[in-house]
Amino acid sequence: MLILKNVTAVQLHPAMVMENVDIAIDGEEILAVGPALTQRFPDASYKEMHGRVVMPGIVCSHNHFYSGLSRGIQAKIDPCPDFISTLKNLWWRLDRALDEESLYYSGLICSLEAIKSGCTAVIDHHASPAYITGSLDTLRNAFIKVGLRGMTCFETTDRNGGLKELQAGVEENIRFAKHIDAAKEKGQQPYLVEAHIGAHAPFTVPDAGLAMLSEAVKVTGRGLHIHAAEDSYDVSHSHHHYGKDLLARLAEYDLIDSKTLIAHGLYLSADDIKLLNDKDGFLVHNARSNMNNHVGYNHQLTTIRNLALGTDGIGSDMFEEMKFAFFKHRDAGGPLWPDSFARALTNGNALLSRNFHAKFGRLEAGYKADLTICDYASPTPLLPENVAGHIAFGLGSSSVHSVMVNGVMVYEDRQFAFDCEPVYAQARKVAARMWQRMDALN
């Protein structure tokens, strides 16, 4: 048993601040939160926290770890005047250039940087058309090496190879989910990584692909993770080719339920939002990515029942993401205040709870010991009523001191348990080779 002694325990939703308390951790779970726990459990080891802020782990609810080696990319990228050309000229060439080595190092780098930013878990959405079978295992190995909890899936699409590519993507999703099930049964390695059933976006998944995805959801018991209505083109395509709204089309194949994760959703219809809400699914808002891709602003955030926050591949700094989500909302004339976006940030843990079948997101007995620990000298009183405001206007990823995942300190006193420099050095070499492969593609 381990006791984190003398902490400032903070929850974003339901909002809570408790000063000068201890947190007792037994194995993978929180055992107790309260004063003087070292007296209650005299045989336990303890770490003095000196009043640091300890909060339930932060989750990035939509990311693309395959883009981890794209920063500062030096490849021949044609002009990208709109969103579709950005996909075709940059991202769909980058994912085609990925191989096993570049994917592994991309996963390692993204996992390291997620933890340094205070994330305990990331929900990933993967694509590598030239390396499909086994790709999700490669990402899982990177998660486990660093100690990050997460989920991943393969983004099923027909954009490169038609029906054959659709089938390969679905088969990888099913294979990986069954691999996770087998590993759990055998008790192999910490249970840190789960599976979604992935798809790119409705405009690159024909009805034959939706039928395959529907079967994959049924045989694995997992939920769908898909982009939808990130750009108005997705909606126009669905109306033109199928005569239907996006989510209504997915629902015809039983793909909308309480485990469904819809990324973006800027242009969803009111009927689609009602459908998602009625099915208790999630929409993940990615404010910085939307701004970067110039796709517009989601003015419907107030109507979403289960709103979460992600980055869509722009790192994993969720403190920064929450700030941008709030400030952009205010700039767009929205009515929400920081507490609404703090709740959206916390909803990442609700996604984990539904998929890992465990309790996440609170500092209470029986909840998973996934914790984000920060140095934060508050210049004003830190209260339940204003804790969200302290994040919007103060506390950030530079404050992250330590991160605990599944009861293990994977990052302590701003240090990992292994030397990261060789990983970064090799990643730079791998990235350069990947950029060269991009230039060789048609």
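How many nonpolar, polar and charged residues does the lining of the largest pocket have, by class? The split is 15 nonpolar, 14 polar and 7 charged. A few notes on the rest follow, with the reminder that this is a predicted model.

1. **Overall build.** The protein chain has 14 helices and 18 strands. Its C-alpha atoms fill a box of roughly 65 × 45 × 40 Å along the principal axes. The radius of gyration is 21 Å, which agrees with the value near 22 Å for a compact globule, because that is what the rule gives for 442 residues.

2. **Burial and contacts.** Of the 442 residues in the protein chain, 59% are buried. If you take the contacts with a separation of 6 or more, 75% of them join residues 24 or more positions apart. The accessible surface of the chain comes to about 17,200 Å², and carbon and sulfur atoms own 50% of that.

3. **The largest pocket.** This one holds about 700 Å³ of space. It is lined by 36 residues, and the ones closest to its centre are Ser-67, Trp-91, Asp-312, Gly-313 and Ile-314. When you colour the lining by class, expect 15 nonpolar, 14 polar and 7 charged residues, as in the opening answer.

4. **Who builds that pocket.** Four helices each supply at least two lining residues: α2 (83–97), α3 (100–116), α7 (232–242) and α10 (287–293). The largest share comes from α2, with 5 residues. If you want a place to start looking, Trp-91 is among the residues closest to the pocket centre, and the span of α2 is 83–97.

5. **The second largest pocket.** Here the space is about 280 Å³. There are 16 lining residues, and those nearest the centre are His-13, Thr-346, Asn-347, Ala-350 and Arg-362. Helix α12 (residues 338–356) gives the largest share of the lining, 7 residues. By class, you get 5 nonpolar, 7 polar and 4 charged.

6. **The largest cavity.** Searching the whole structure turns up 3 cavities of 30 Å³ or more, and the largest has a volume of about 90 Å³. Its lining is made of Gln-11, Leu-12, His-13, Met-55, Pro-56, Gly-57, Ile-58, Val-59, Leu-345, Thr-346, Asn-349 and Gly-361. At least two of these residues come from each of β1 (2–12), β5 (53–56), β6 (58–63) and α12. Helix α12 gives the largest share again, this time 3 residues. The class split is 6 nonpolar and 6 polar, with no charged residues.

7. **Shared walls.** It's worth viewing the second largest pocket and the largest cavity together. His-13 and Thr-346 lie nearest the centre of that pocket, along with Asn-347, Ala-350 and Arg-362, and His-13 and Thr-346 also turn up in the lining of the largest cavity. Helix α12 contributes to the pocket lining and to the cavity lining.

8. **The second largest cavity.** The volume is about 40 Å³. Around it sit Val-10, Val-53, Met-55, Tyr-376, Leu-382, Val-387, His-390, Ile-391 and Leu-395. Both β5 and α13 (387–393) supply at least two of the lining residues, and α13 gives the most, 3. The lining divides into 8 nonpolar and 1 polar, with no charged residues. Met-55 is one to click on, as it lines this cavity and is also listed for the largest cavity.

9. **Helix α9.** Which residues of helix α9 (residues 270–278) are buried? They are Asp-272, Ile-273, Leu-275, Leu-276 and Asn-277. These buried residues pack against α8 (246–251), β12 (261–264) and β13 (282–285). Just after α9, Asp-280 takes a positive phi of about 65 degrees, so have a look at the backbone there.

10. **Gly-72.** Is Gly-72 buried or exposed? It counts as exposed, because its relative accessibility is 54% and the cut-off for exposed is over 50%. You'll find Gly-72 in the loop between β6 and α2. Its C-alpha atom is separated by 26 Å from that of Gly-150, which sits 78 residues away along the chain.

Note on methods: Residues numbered from 1 in each chain as written. Predicted model: local features only at pLDDT ≥ 70, side-chain atom pairs only at ≥ 80, totals over all residues. Heavy atoms only, no water. 1 Å grid on protein atoms, 1.4 Å probe; cavity = no way out; pocket = protein on both sides within 12 Å on 5 of 7 lines; lining within 4 Å. Points joined across faces, edges and corners; volume = space filled by probe spheres on them. Nonpolar A, V, L, I, M, F, W, Y, C, P; charged D, E, K, R; others polar. Rg over C-alpha atoms; globule rule 2.2 N^0.38 Å. Buried < 20%, exposed > 50% of the residue type's maximum accessible area, 1.4 Å probe, protein only. Contact = heavy atoms within 4.5 Å. Areas by Shrake-Rupley, 256 points an atom, 1.4 Å probe, with all protein chains shown as cover.
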